[in-house]
Amino acid sequence: MMGLSNLMLDVVLIVIGIAILIKGSDMTVDAASVIAKSMGVSDLLIGLSVTSIGTSIPEIATTTTASLASARGVVGAAGVGVGNIVGSNITQITLILGAAAVFKSLDIQKKALSRDGIMMLMAAVLLLFALSDGVVTNIEGMILASLYIIYLFLIFKSEHIEGEKTEIDSTFKVITTLSIGLIMIVYGANILVKSSINVAEHFGISASIIGLTIDAVGTSLPELAVAITAAIKGLSGLSIGTLIGSNITDPLFSMGIAAAVNTKGIPVDPAIIKFDAPILIGVSLLALYMMGTEWRISRKEGALLIAIYFLYLYFNFVIKV
């Protein structure tokens with residue numbers, strides 16, 4: 001067991017890793033948005049694609065890095081990766097959606113529920129199916145990622161919107177920003193995964209729990225920022241869209257890419273299969289039910305979602321441990 005000084009260092013490194021991930025994600029999304037607009041992609045489609053993927057970059061990077069570390073035989077890495085995906089989705093549906101609704105009741109567009117909401121639930125079910133046999137194979141990963149790409153294609157096709165092309169002021173600046181952002185994402189993810197495993201070992205708990213809780217909150221901060229800011233400004237559609245979009249991206253694309261690059265497959269903690277993944281489906285159903293009642297999520301419902309999140313934390317740190 002490592003000393004207290006090493007523990008404190010790893011805790012600080014987790015915070016630094018998350019900060020680097022988020023800053024790198026911001027830079028990458030900004031650069032990608034400029035490139036997309038230069039190609040004539042509309043703001044709506046940028047929101048459905050670039051922004052949704054952008055806010056999920058921390059999860060993509062963390063889970064992929066953990067998957068590659070697991071393939072090299074690093075103990076606990078897989079737990080961090082899988083836990084991060086499941087935990088991030090639970091965090092976004094309960095804590096973040098709840099916090100946004102507490103700031104201001106969120107109005108729901110029927111399309112957000114009938115099309116994207118149902119897809120969010122399907123993504124959670126498909127993730128549980130992939131996890132159910134104790135390993136996510138690279139073939140399953142390719143299937144999950146492919147389903148996400150098909151979903152994006154159908155969205156682009158159904159919207160039938162073309163934006164005006166805008167010229168890039170400085171191609172060199174955009175490419176440089178994109179490159180630095182991607183480097184920061186890879187570096188931050190490596191720090192986060194390694195330090196999370198060390199902290200888990202220190203306390204004698206599974207790396208999955210760290211991934212499900214601490215890392216999940218950290219990598220969900222971009223969604224938190226967008227959702228609450230949008231809610232305060234009265235942009236319920238953007239707030240809901242970001243959260244639903246991320247909860248489609250993470251189970252399908254983030255987990256899909258992570259598993260696809262690991263020919264050995266990603267082993268899954270049985271506790272995640274038995275408890276956390278079913279909880280994800282349960283809170284997804286609850287959130288969709290709330291959205292369908294009067295086509296809004298009220299402040300009281302938001303408070304209930306936050307309370308469920310803290311019960312989930314209690315479940316992980318008291319009952320499971």
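# Notebook: rings, helices and two buried side chains

I began with one pair of residues in this predicted model, and found that Y148 and F253 are both buried. I then turned to the rings of Y309 and F310, whose centres lie 5.7 Å apart with planes at 70 degrees, and since planes over 60 degrees apart count as edge-to-face, I entered the pair under that name. Looking up the cover of each partner, I found Y309 buried, at a relative accessible area of 3%, whereas F310 is partly exposed, at 48%.

**Entry on the aromatic pairs.** I searched the whole structure for ring pairs and obtained four aromatic pairs. Y148 and F253 make up one of them, a tilted pair with 5.2 Å from centre to centre and 35 degrees between the planes. I placed Y148 in helix α6 (residues 138-159) and F253 in helix α10 (residues 236-260), so this pair ties together parts that are 105 residues apart in sequence. I also noted that ring pairs link Y148 and F253 with Y151 into a cluster.

**Entry on the whole chain.** I stepped back to the protein chain, where I counted twelve helices and four strands. The chain has 321 residues, of which 53% are buried. For its accessible surface I wrote down about 14,200 Å², with 70% of that belonging to carbon and sulfur atoms. When I took the contacts between residues at least 6 apart in sequence, 87% of them turned out to join residues at least 24 apart.

**Entry on helix α3.** Helix α3 covers residues 57-71, and I found that its 15 residues reach 21 Å from the first C-alpha to the last, close to the 21 Å expected at 1.5 Å a residue. I checked how much of α3 is covered and found 13 of its 15 residues buried. Just after this helix comes G73, for which I noted a positive phi of about 95 degrees.

Which residues does T62 touch, if those up to four places away in sequence are not counted? I listed L21, V80, N84, A189, L192, V193 and T219. T62 itself is found in helix α3, and I recorded it as buried because its relative accessible area is 0%. A polar atom of its side chain lies 2.7 Å from the backbone oxygen of P58.

**Entry on S246.** In helix α10 I looked up S246, which has a relative accessible area of 0% and is therefore buried. Leaving aside neighbours within four places in sequence, I found S246 in contact with S52, T55, S56, N89, Q92, E223 and P251.

**Entry on helix α11.** I followed helix α11 through residues 270-292, a run of 23 residues that reaches 33 Å from its first C-alpha to its last, close to the 33 Å expected at 1.5 Å a residue. At the start of α11, I found a side-chain oxygen of D269 within 2.9 Å of the backbone nitrogen of A271. Where does the kink in α11 lie? I located it at D276, shortly before the proline P278, with an angle of about 30 degrees. After α11 comes E294, whose phi I noted as positive, near 65 degrees.

Terms used. Residues numbered from 1 in each chain as written. Predicted model: local features only at pLDDT ≥ 70, side-chain atom pairs only at ≥ 80, totals over all residues. Heavy atoms only, no water. Helix = DSSP H or I, 4+ residues; strand = E, 2+ residues; numbered from the N terminus. Buried < 20%, exposed > 50% of the residue type's maximum accessible area, 1.4 Å probe, protein only. Contact = heavy atoms within 4.5 Å. Areas by Shrake-Rupley, 256 points an atom, 1.4 Å probe, with all protein chains shown as cover. Expected span 1.5 Å × (residues − 1). Phe/Tyr/Trp six-rings, centres within 6.5 Å; stacked < 30°, edge-to-face > 60°. Bend = angle between axes of the 7 residues up to and from the residue. Polar contact = N/O pair within 3.5 Å; in protein donor to acceptor, adjacent residues only side chain to side chain.
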